[in-house]
Structures are given as structure tokens and as C-alpha cells.
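Let's take a walk through this structure together, from its strands to its side-chain contacts. Keep the view open beside the text and follow along.

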Amino acid sequence: MSEPNDRNKQVIAEFRANEGQVGGFFADKQLLLLHTIGAKSGQPRINPLVYMPDGDRFIIIASKAGA
């Protein structure tokens, strides 16, 4: 398994165990768990993403580890 996937699994587990609160790099960030289904594979996926309010909207930030 790749390093980003391992990191995501750790963040997801911590998020769920602590009612949405995580430590480390994301300690003071607002996170959500985005549930998607692969278009070709049909496999379910969950990814932690940072978001911030923008008036009545939300901005969701995803970067593939800065790539």
C-alpha cells in the first residue's frame, strides 16, 4: 500500500475515533470525509479533505499530497 493511502487511513481512523477531531498537520483544520465510488472500478473510496466556509458555500481543498 502506498504511503498517502496509509496516511489517509490513519487520519480517517483518528477522525472517526475522536468525533471529527484529528492531530498532527490537520489539528487546526476543518476536515470532512468524502465518500465516492470509482467510475470505472465501482470501488468505494473515502478521502479526508480540508474545507473552509465561503459565505453560504464551502471551499474543499484536495491536492494529492501537493502533486
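Which residue in β2 stands opposite Ile-37? The residue is Pro-44. Please keep in mind, as you look around, that this is a predicted model.

## Strands and hairpins

Let's begin with the backbone. Strand β1 covers residues 31–37 and strand β2 covers residues 44–54; the two pair in the antiparallel sense, with 7 bridges between them. Besides the Ile-37 and Pro-44 couple, you can find Leu-33 opposite Pro-48 of β2. β1 and β2 make up a hairpin, and 6 residues lie between the two strands. In that turn, have a look at Gly-42, whose phi is positive at about 75°.

From β2 we can move on to strand β3, residues 57–61, which is joined to β2 by 5 bridges and runs antiparallel to it. Here Tyr-51 stands opposite Ile-60 in β3. β2 and β3 form a hairpin as well, with 2 residues between them. Gly-55 in this turn has a positive phi of about 70°.

## Aromatic pairs

Now for the rings. How many aromatic pairs does the count come to? The count comes to 2. One of them joins Phe-25 and Phe-26, with ring centres 5.1 Å apart and planes at 80° to each other. Because planes over 60 degrees apart count as edge-to-face, the Phe-25 and Phe-26 pair is edge-to-face. Is Phe-25 buried or exposed? Phe-25 is exposed, its relative accessible area being 64%, while Phe-26 is partly exposed at 21%.

Tyr-51 and Phe-58 also form an edge-to-face pair, at 5.6 Å centre to centre and with 75° between the planes. Tyr-51 is the residue we met opposite Ile-60, and it is partly exposed at 21% relative accessibility. Its ring partner Phe-58 is exposed, with a relative accessible area of 57%.

## Charged side chains

Let's turn to the charges. Side chains of opposite charge can pair when their charged atoms come close. A search of the whole structure gives 2 salt bridges. In one of these, Asp-28 meets Lys-29 through their side chains, with an N to O distance of 3.2 Å. Asp-28 is exposed at 67% relative accessibility, whereas Lys-29 is partly exposed at 36%. Lys-29 has another contact worth a look: its charged end sits over the ring of Phe-25, 5.0 Å from the ring centre. Phe-25 thus appears both in this contact with Lys-29 and in the edge-to-face pair with Phe-26.

Which residue forms a salt bridge with Arg-57? Asp-54 does, and the closest N and O atoms of the two are 2.6 Å apart. Arg-57 is exposed at 57% relative accessibility, and Asp-54 is partly exposed at 30%. To place this salt bridge on the backbone, look at the hairpin of β2 and β3: β2 spans residues 44–54, and β3 spans residues 57–61.

Notes
Residues numbered from 1 in each chain as written. Heavy atoms only, no water. Phe/Tyr/Trp six-rings, centres within 6.5 Å; stacked < 30°, edge-to-face > 60°. Buried < 20%, exposed > 50% of the residue type's maximum accessible area, 1.4 Å probe, protein only. Lys NZ or Arg CZ within 6 Å of the ring centre and 35° of its normal. Salt bridge = Lys/Arg side-chain N within 4 Å of Asp/Glu carboxyl O. Pairing = 2+ DSSP bridges. Helix = DSSP H or I, 4+ residues; strand = E, 2+ residues; numbered from the N terminus.
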